[in-house]
Amino acid sequence: MKVFQLDTRPLAAALHDGLAIALAWIVAAVLLDGNGITDQQFSALLQALTIAIPVQVTVNVFFGIYHGLWRYTSLPDIQRIVSSVLAGTVAGSIMLRLLGLDALFGYREYVLFPLLLVTLMSLSRMAYRSFKEWSLYGRGGEQGTPVIVMGAGDAGVGLVK
């Protein structure tokens, strides 16, 4: 009988993205408010985050953000992140508007937030990939044996990857 094991990597990635969403919202609010955030504004921000984080993570799941491994992050993964963040920002702003929790946010926040979130999500994945490649393939000039791949098409490209 095969034992069911829960894959915790997607859950860890979703938790990471939830923290990135919170950080992006807070940084956007702080950067755009020259006087700093009051306790009342911070409370409103936390209340809005209780809606924004689940909405964005759900959109991320819909876009397939948690299907791949960070070790193999590539340009299509980054493109999926950009699309997911843009769709999640629209969905989140609609939900916050419908619930009346968007009093703190203006157009500037809705422009800066996705930029920060895409940056946080993409750079963390690319940093992880860079670290894994660095630790696996060499820390200096240590490279593998050079080879020539004969052939063309998808098979050659797949072999090189």
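## Aromatic pairs

In this predicted model, the structure contains 3 aromatic pairs. One of them joins tryptophan 25 and phenylalanine 113 in a stacked arrangement, with 4.3 Å from centre to centre and 15° between the planes. This pair connects distant parts of the chain, since tryptophan 25 belongs to helix α1 and phenylalanine 113 to helix α4, 88 residues apart. Both tryptophan 25 and phenylalanine 113 are buried.

Another pair is made by phenylalanine 62 and phenylalanine 63. Their ring centres lie 5.8 Å apart and their planes meet at 80°, so this pair is classed as edge-to-face; the reason is that an angle over 60 degrees falls in that class. As to solvent, phenylalanine 62 is exposed, because its relative accessible area is 70%, and the limit for that class is over 50%. Phenylalanine 63, at a relative accessible area of 28%, is partly exposed.

## Aromatic cluster

Trp25, Tyr110 and Phe113 together make up one aromatic cluster. Two members of this cluster, Trp25 and Phe113, are the buried residues of the stacked pair.

## Nonpolar core

The largest nonpolar core comprises 28 residues, and those touching the most other members are Trp25, Leu96, Phe105 and Leu117. Two or more residues of this core come from each of α1 (8–32), α2 (39–62), α3 (75–99) and α4 (107–137). The greatest contribution is that of α1, which supplies 8 residues.

Tryptophan 25 therefore appears in several roles: it is one of the residues with the most contacts to other core members, it stacks on phenylalanine 113, and it takes part in the aromatic cluster.

Leucine 117 offers a further view of the core's surroundings. When residues up to four places away in sequence are left out, leucine 117 touches Ala20, Ile21, Ala24, Gln56 and Val85.

## Overall architecture

The protein chain has 5 helices and 0 strands, and its order along the sequence is α-α-α-α-α. Of contacts between residues at least 6 apart in sequence, 79% bring together residues at least 24 apart.

The chain has 161 residues, of which 30% count as buried. Its exposed area is about 11,000 Å², and carbon and sulfur atoms account for 66% of that area.

Note on methods
Residues numbered from 1 in each chain as written. Predicted model: local features only at pLDDT ≥ 70, side-chain atom pairs only at ≥ 80, totals over all residues. Heavy atoms only, no water. Helix = DSSP H or I, 4+ residues; strand = E, 2+ residues; numbered from the N terminus. Buried < 20%, exposed > 50% of the residue type's maximum accessible area, 1.4 Å probe, protein only. Contact = heavy atoms within 4.5 Å. Areas by Shrake-Rupley, 256 points an atom, 1.4 Å probe, with all protein chains shown as cover. Core = buried A, V, L, I, M, F, W, Y, C linked by side-chain atoms within 4.5 Å. Phe/Tyr/Trp six-rings, centres within 6.5 Å; stacked < 30°, edge-to-face > 60°.
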